[in-house]
Amino acid sequence: MSVEEIGFFLLATFLVGFSVLVILARNPVHSALALVAALFIMAVLFLTLNAPMVAALQVLVYAGAIMVLFLFVLMLLNPGTVERGSALAWGLTATAGAVLALELIGFVMPAADSVQRLPTSEIESRFGSPEALGLTLFSGFVLPFEVASVLLLVAIIGAVTLARRTKE
Amino acid sequence: MLVELGIIAVKSFIVLFMVLNLAGVMGWVERKGSALIQDRIGANRASVLGFAGLGLVNTLLADPIKFLTKEDFVPPHGDKFLHTLAPCLAFFPALVTFAVIPFGDVLVVGSREINLQVANLNIGILYVFAMASLGVYGIVIGAWASNNKFSLLGGIRGSAQMISYEVAMGLSVMGILMIYGTLEPQEIARAQGHLLWGWLPAWGIVLQPVAFLLFLTAAVAESKRVPFDLPEGESELVAGFHTEYSGGKFLMFFAGEFAEMVTAAGLITTLFFGGWQVPFLFRDGFHFPWGSDFMIPQLVVVALQIIAFLTKIIFFCWLFILIRWTLPRFRYDQVMRLGWKMLLPAALANLIVTAIAIAVFAA
Amino acid sequence: MMVPLHYYLVLSAVVFCVGVVGVLVRRNLIIILMSVELMLNAINLTFIAFARALGSMEGQVIVVFVMTVAAAEAVIGLAIVIAGYRHRPTLDPEEMHLLKG
């Protein structure tokens with residue numbers, strides 16, 4: 001077991017642990033914080049996959065902004081501890097989830113076999129760097145980029161309109 | 001491999017040592033400086049063997065001992081785990097950010113060139129912003145875990161303020177990134193040694209004065225210092241989001257605020273004031289524009305650079321303390337208006353003007 | 001020796017299914033939204049893993065777009081939750097059955 005594999009298994013264990021905590025915790029704030037931890041571990045996994053720019057974006061956008069929004073809403077609404085649903089529902093859904101996971105893995109393994117993984121020596125040194133991401137984004141994906149910015153504008157306007165107190 | 005790990009460990013230790021000590025000393029400067037500004041004596045009661053050291057003993061020895069020996073409690077019905085976690089979350093980003101701030105150029109030891117920066121990431125400044133965005137959690141969790149309306153109010157205000165000024169902070173730095181063409185702080189610091197027209201060092205403040213003012217304001221707001229300290233509004237919200245904290249946990253919030261101040265000073269120095277650059281000092285010595293050259297051994301050059309870096313940081317910390325004790329506090333709606341309606345459009349305008357200027361001058 | 005691609009894909013599938021279970025069984029709107037975020041993150045991990053394996057930056061670009069869409073969706077979802085909370089102070093989707101036939 002090389003150092004990288006040990007590191008990966010450590011991260012994977014924590015990631016799955018925190019994800020399960022997200023869906024199991026009785027207090028929604030605990031769920032939200034577990035999700036923040038899970039997102040942070042995701043960012044570390046991205047780093048191991050030669051994606052430093054995406055890892056920084058993950059921490060900046062996901063863990064640093066979206067989850068703060070979730071926590072804001074939770075603090076404002078203050079739901080307290082919530083019911084978790086019956087054991088029957090949990091049992092059935094967990095079984096369905098396990099079956100789904102096994103099916104996905106069954107699909108994914110042959111696909112991963114057919115992909116030739118490039119060794120590290122052949123990955124150019126600029127892979128995953130901001131320059132590479134920027135070049136790819138702005139040369140081949142300009143239209144989706146502009147559409148995404150319009151999408152964000154629509155989201156902002158929609159959220160402001162929805163959350164506004166209307167005078168009844 | 002082991003040697004490289006050892007070098008990184010030594011560099012991390014040096015940086016942490018510097019930041020934590022500076023945070024402590026800034027605490028003392030704050031108390032004594034505020035006393036001088038307000039025409040009073042300040043803390044001078046504690047002394048060791050008769051030596052009171054202008055309040056040094058009081059702030060650096062007596063205060064921490066007092067904080068650490070106080071009773072550590074969790075408010076009833078408060079969340080015990082989160083209450084203890086919050087100060088750690090508040091302290092962590094301020095320290096970790098310093099990993100990418102360079103405190104010198106290269107140090108040549110034998111055949112090895114040691115880059116005087118703990119981590120040379122290709123995402124550089126983005127890492128700083130990512131860690132700064134994690135700083136919100138300390139406040140949010142601390143406020144919520146206290147089960148106290150004042151804390152919650154302070155926490156919500158504080159987090160809203162922090163995320164608003166993160167945007168302004170990021171945008172104001174864009175001009176600098178465009179001019180120097182890189183995200184890495186070490187490269188930005190090196191690029192500022194370039195001499196414009198043969199005699200003017202191309203520091204960030206020279207090329208982007210507006211961005212400097214915007215970033216300074218946003219950095220002060222991010223670290224929740226007066227005039228932006230509504231989250232801990234001392235005369236309004238009891239003590240804001242750290243009302244229910246005492247003892248060691250409060251010390252961590254307190255020290256975390258000073259560490260954030262040091263980090264902000266470090267960022268301003270690196271981006272706008274040349275970092276470790278001494279004007280006209282190159283790797284082999286001084287090369288003045290009027291022709292005279294002084295050759296200086298490499299170790300002396302590195303020492304000069306580190307001293308320059310420390311001087312600049314201490315200057316900005318002192319500036320922050322001066323601002324704190326001069327200006328009154330902003331109201332919450334004024335803070336929000338400043339962040340969104342004044343800083344953000346100004347940063348965008350600065351960005352556009354910079355882009356046009358670069359396009360024109362490159363032609 | 002690099003970590004094989006399979007490991008990342010299996011991890012991603014597991015996290016995705018944890019998210020699916022969360023969406024199906026929890027009775028709190030905000031936790032459901034968080035489980036959806038979990039699913040989207042698992043997808044991101046798959047994209048990044050394949051981007052690394054194939055040496056193509058397009059996988060990472062797609063992840064940027066997924067993050068953008070996730071942000072927009074979280075914002076709108078939470079705004080809807082807040083707006084609905086004003087009418088009836090509940091976060092339980094079972095209690096939102098006024099339109100039921």
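Between which chains are the most contacts found, among the two pairs of chains that touch? In this predicted model, chains A and C hold the most contacts of the two touching pairs. The contact brings together 61 residues of chain C and 71 residues of chain A. On the side of chain C that touches chain A, the elements that contribute two or more residues are helix 1 (5–25), helix 2 (29–54) and helix 3 (58–87) of chain C. Helix 3 of chain C gives the most to this side, with 22 residues. By class, the residues of chain C that face chain A comprise 48 nonpolar, eight polar and five charged.

The contact between chains A and B was examined in the same manner. Here, 16 residues come from chain A and 18 residues from chain B. On the side of chain A that touches chain B, at least two residues each are supplied by helix 2 (28–48) and helix 3 (52–77) of chain A. Helix 3 of chain A gives the most to this side, with twelve residues. The side of chain A that touches chain B contains 14 nonpolar and two polar residues, and no charged residues.

The remaining pair consists of chains B and C. These two chains do not touch, and their nearest C-alpha atoms lie 15 Å apart. Chain A is thus in contact with chain C and with chain B, whereas chain B and chain C do not touch.

Technical notes. Residues are numbered from 1 along each chain as its sequence is written. Chains are lettered from A and ligands numbered from 1 in the order in which they are written. This is a predicted model: local features need pLDDT of at least 70, side-chain atom pairs count only at pLDDT 80 or more; totals for chains, interfaces and linings use all residues. Two residues are in contact if their C-beta atoms, placed from the backbone, lie within 7 Å. Helices (H or I, at least four residues) and strands (E, at least two) are DSSP runs, numbered from the N terminus. Ala, Val, Leu, Ile, Met, Phe, Trp, Tyr, Cys and Pro count as nonpolar, Asp, Glu, Lys and Arg as charged, and the others, Gly among them, as polar.
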